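Q: Could you take me on a close look at the salt bridges in this structure? I am new to this, so please go step by step.

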Amino acid sequence: MFSITVRDHLMIAHSFRGEVFGPAQRLHGATFLVDATFRRAQLDEDGIVVDIGLATRELHAVVDELNYRNLDDEPDFRGVNTSTEYLAKVIADRLAARIAKGGLGEGAKDLAGITVTLHESHIAWASYERGL
């Protein structure tokens, strides 16, 4: 399987419900490095997985919808603990929707899947992997 990864970053505020979260139950900020990895079994006719410039643009568009937001105030996240794992899935699903609408061009038609990884720090991160 071939892959490429593009990176962006995300800054949000949020809080959690549940004793397991300890002090993170209070409103706090989080900054994530966001990696999106695109996979396919065979390279396309141009010898690439997907156009890196288009992948970077689409990831940025998805991240920009969430950046500098208090997720507690966003209707899409009402009643949800916006954990790192959950946010990785949200970003992957939104990116997949943009791919389905042609955001990565015709060359993306044979992509097998994507993985989105959110790095909370240099020692902790979470990923969500999905097929396309």
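**Salt bridges around helix α2**

A: Happy to! Keep in mind that this is a predicted model. Across the whole structure, a search finds ten salt bridges. As background, side chains of opposite charge can pair when their charged atoms come close.

Let's begin with aspartate 93. Its side chain meets that of lysine 89 in a salt bridge, at 2.5 Å from N to O. These two residues are four apart in helix α2, so about one helical turn separates them. Aspartate 93 also forms a salt bridge with arginine 130, where the closest N and O atoms are 2.9 Å apart. Here aspartate 93 lies in helix α2 while arginine 130 sits in strand β5 (residues 125-131), so this pair ties together parts that are 37 residues apart in sequence. How buried or exposed are these residues? Lysine 89 counts as partly exposed, at 34% relative accessibility. Aspartate 93 is partly exposed as well, at 24%, and so is arginine 130, at 26%.

Now move along to arginine 98. Its side chain joins that of glutamate 58 in a salt bridge of 2.5 Å, N to O. This pair links distant parts of the chain, with arginine 98 in helix α2 (residues 84-100) and glutamate 58 in helix α1 (residues 52-64), 40 residues apart. Arginine 98 is partly exposed, with a relative accessible area of 28%, whereas glutamate 58 counts as buried because its relative accessibility is 4%, and buried means under 20%. The two also belong to a network of salt bridges that links Arg57, Glu58 and Arg98.

How values were computed:
Residues numbered from 1 in each chain as written. Predicted model: local features only at pLDDT ≥ 70, side-chain atom pairs only at ≥ 80, totals over all residues. Heavy atoms only, no water. Salt bridge = Lys/Arg side-chain N within 4 Å of Asp/Glu carboxyl O. Buried < 20%, exposed > 50% of the residue type's maximum accessible area, 1.4 Å probe, protein only.
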